[in-house]
Amino acid sequence: MIANFSHAEEQKLNFGTQIMSSDSVIPLLETPIIVGFGGVGVDFLAVVPFFPSPDSKIRTTEFKVQGGGNNGNTMTCAARLGLKPRIISKVSDDAPGKAMLEELEAEGVDTSFLVVSKEGTSPFSYIIVDSQTKTRTCIFTPGYPPMVPDDLHQANLLSALDGARVVYFDARMSDTALVIAEEAFRQNISILIDAERPREGLNDLLALADYVVCSENFPKAWTEASSIPRALVSIILRLPRLKFAIVTLGKDGCIMLEKCVDDESSHIEEMDADSCLTSLTKRKDDSIAMPTCIASPVTKLRAEGIGSVCGRLYFGTTEKIPPSELIDTTGAGDAFTGAVLYAICANLPPEKMLPFASYVAAAKCRALGARTGLPYGTNPYLTSFTKYRVLNSSSKS
């Protein structure tokens, strides 16, 4: 039988073949353990033909109830890709809380460290998905009672962190998050922070972070820099532990600054950070439908009035999703971050990590809700990005 592939499918296969030619990634012998702390909830997703005007009535064209929350979504993504996530959060012993637990457990997420309150209500969100503009609007109701440090006993914390490769935080419930982060820091476990927006207690968490994934608006809001490249230079200077910082830009891709060792004996070129990004974006090939990564050489990146850092700047493109296939962007950032966690555990270099994460996020956008479209690690296009394979994985095709 002769298979007929579309141009986009051929690009996927060809791109994957190029990736497979690298032997830089060494397979691990055991499924890597990660820990996630932060929000979980139930999402009530209503698809409408257009966003309603005030004091009007409108009918849904589709409705779905599904687990949500940054932490829950990210750990679900990581589990489907082949990692072994443990989740720490708090729900109530109500119907939504029980449904959340069952859904996470079915996905292979270890919920044994999740606190269940006998009273109160579990978190939930109403999400309006506008099928005309392809946007979503979230209305969040936090759970009660909130999680506090006393909810997590030291013995349980130590058990949760035992053997973990990376700990993820969505920066919610900052008092408890800091207790977990400080213990992870003491145990020399890598820490990744999802910085969606400035929050109370976030600065203390960032000071312990090895990796940061930011929303588009966070870098300039946190640093007061005039551009994202300048803000990234400021972030790396202010957080000396950071290995890299990524900014997600939705359909416009992502930008990453990786810190490199500044060898004073070598003559490293110095370049303005904004100019460096401009030079990278000019090299983008719009004829390629699949995600790509364009990298600068090791450079001393300068931001006037802020300082300079030795590093590499990366510009990652997104997959071009046909409008007819773009369903819902809810949780796309969580999918991207879940894939970054996998890439860290798999020792993927940035040139592979960014296209890998972008592909996972794009796959999620082809279905309603934050989790329905999340791909599994056995997806042939994903396996083409890396030779990495985890054993004892229950990933589905």
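Which residues are linked in a network of salt bridges? They are Asp 170, Arg 172, Glu 196, Arg 197 and Arg 199. I shall return to charged pairs after a word on confidence and on the nonpolar interior.

The structure before you is a predicted model. Its average pLDDT is 90, and 89% of the residues score at least 70. Two stretches call for caution. Residues 1–28 have a pLDDT below 50, with 47 contacts in the model beyond near neighbours in sequence. Residues 388–397 also stay under 50, and there the model has 30 contacts beyond four places in sequence.

Let me turn to the interior. The largest nonpolar core holds 54 residues, of which Ile 88, Phe 169, Ile 180, Ile 193 and Leu 313 touch the most other members. Helix H8, residues 228–238, supplies the largest share of this core, with 5 residues. A second, separate core has 50 residues, including Met 75, Val 166, Tyr 211 and Phe 244. Leaving aside residues up to four places away in sequence, Ile 193 touches Phe 169 and Leu 202, among others, as well as Tyr 211, Val 212 and Val 213.

Those last three contacts lead us to strand S11, residues 211–214. Both of its faces are covered: Tyr 211 and Val 213 are buried on one side, Val 212 and Cys 214 on the other. S11 runs parallel to strand S10, residues 190–195, and 4 bridges join the two. Strand S12, residues 244–248, also pairs with S11 in the parallel sense, again over 4 bridges. Cys 214 is the bridge partner of Ala 195 and stands opposite Val 247 in S12.

Finally, the charged pairs. The whole structure contains 17 salt bridges, and I have selected three. In the bridge between Glu 107 and Arg 80, the closest N and O atoms are 2.7 Å apart. Glu 107 lies in the loop between helix H3 and strand S6, whereas Arg 80 belongs to helix H2, 27 residues away. Both partners are buried.

Lys 90 and Asp 151 form another salt bridge, at 3.1 Å between the closest N and O atoms. This pair spans 61 residues, from strand S5 to the loop between strand S8 and helix H4. Lys 90 counts as buried because its relative accessible area is 11%, while Asp 151, at 23%, is partly exposed.

The third joins Arg 366 to Glu 319, with an N to O distance of 3.0 Å. Each residue sits in a loop, and 47 residues separate them. Arg 366 is partly exposed at 27%, whereas Glu 319 is buried at 8%.

Definitions and conventions: Residues numbered from 1 in each chain as written. Predicted model: local features only at pLDDT ≥ 70, side-chain atom pairs only at ≥ 80, totals over all residues. Heavy atoms only, no water. Core = buried A, V, L, I, M, F, W, Y, C linked by side-chain atoms within 4.5 Å. Buried < 20%, exposed > 50% of the residue type's maximum accessible area, 1.4 Å probe, protein only. Contact = heavy atoms within 4.5 Å. Pairing = 2+ DSSP bridges. pLDDT = per-residue confidence, 0-100. Salt bridge = Lys/Arg side-chain N within 4 Å of Asp/Glu carboxyl O.
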